[in-house]
Amino acid sequence: MKIKQIFENNKEWIQEKLKTDSDYFSNLSKGQDPDILYIGCSDSRVTAEELMGVAPGDVFVHRNIANMVPNTDLSAMSVIDYAVAHLKVKHVVVCGHYYCGGVKAAMQSQDLGILNPWLRNIRDVYRIHQAELDAIKDEEAQYKRLVELNVQEQCINVIKTAEVQKAVLDRGIAVHGWVFDIHSGKLIDLKIDFSEILKDVMKIYHLDS
Ligand SMILES: [Zn+2]
């Protein structure tokens, strides 16, 4: 991929858009009103909009290595706060993916420098679910399950934030845990039962308003 090509592609894309709607860009510049906040992995194979078949303006996006929502990460926390409190999104999605390099690296014990503290958050997920994960003898199945459990734990981190707790009570905002299977292209809803998890989470993290 040559950088020059990108600018050529951009010119073509503009023409393409204007062909079907001459006001496309003037409408786009008026503002955004997305219904969904998508938190996904930075992996180049896992795009946000393309795999969901949505257009610019539809989804507010945050991506980082292994779709993490660490409680002290100012970037993730700011994105959630802005999307929920100001853009008033109706859904928050955490989307992981099988064959995630970040999750794989966390399962190994090599020293990865600055990535160590980031990946330690995934190792914490492993520790929380160690009994279940250690019982899985097939390495690939174990790796896939950790991807799913990581999504679940990051959803819980989303729910723990004050803004989301408020929005759940005030307007029934929904949190979803998904996994993208690179091998088939399928988007899988993990159908996490948040009502059970929420009871415990609220007990521990509930904020009085
Ligand atoms: Zn990944």
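Arg45 is partly exposed, its relative accessible area being 46%. In this predicted model, the side chain of Arg45 forms a salt bridge with that of Asp43, with an N to O distance of 2.7 Å. Asp43, by contrast, has a relative accessibility of 14% and therefore counts as buried, because the limit for a buried residue is under 20% relative accessible area. The pair thus joins a partly exposed arginine to a buried aspartate.

Such pairing has a general basis: side chains of opposite charge can pair when their charged atoms come close. With a cut-off of 4 Å between a side-chain nitrogen of Lys or Arg and a carboxyl oxygen of Asp or Glu, the structure contains 8 salt bridges.

Another of these contacts is found in helix H1, which covers residues 3-20. Here Glu8 and Lys11 are linked through their side chains at 4.0 Å, N to O. The two residues are separated by about one helical turn, because they stand 3 residues apart in the helix. Glu8 is partly exposed at 35% relative accessible area, whereas Lys11 is exposed at 52%.

Helix H6, spanning residues 115-128, holds both Arg127 and Asp124, which lie 3 residues apart, or about one turn of the helix. These residues form a salt bridge in which the closest N and O atoms are 3.5 Å apart. Arg127 is exposed, with a relative accessible area of 54%, while Asp124 is partly exposed, with a value of 30%. Salt bridges with shared partners also connect Glu132, Arg145 and Glu148 in one network.

Key: Residues numbered from 1 in each chain as written. Predicted model: local features only at pLDDT ≥ 70, side-chain atom pairs only at ≥ 80, totals over all residues. Heavy atoms only, no water. Helix = DSSP H or I, 4+ residues; strand = E, 2+ residues; numbered from the N terminus. Buried < 20%, exposed > 50% of the residue type's maximum accessible area, 1.4 Å probe, protein only.
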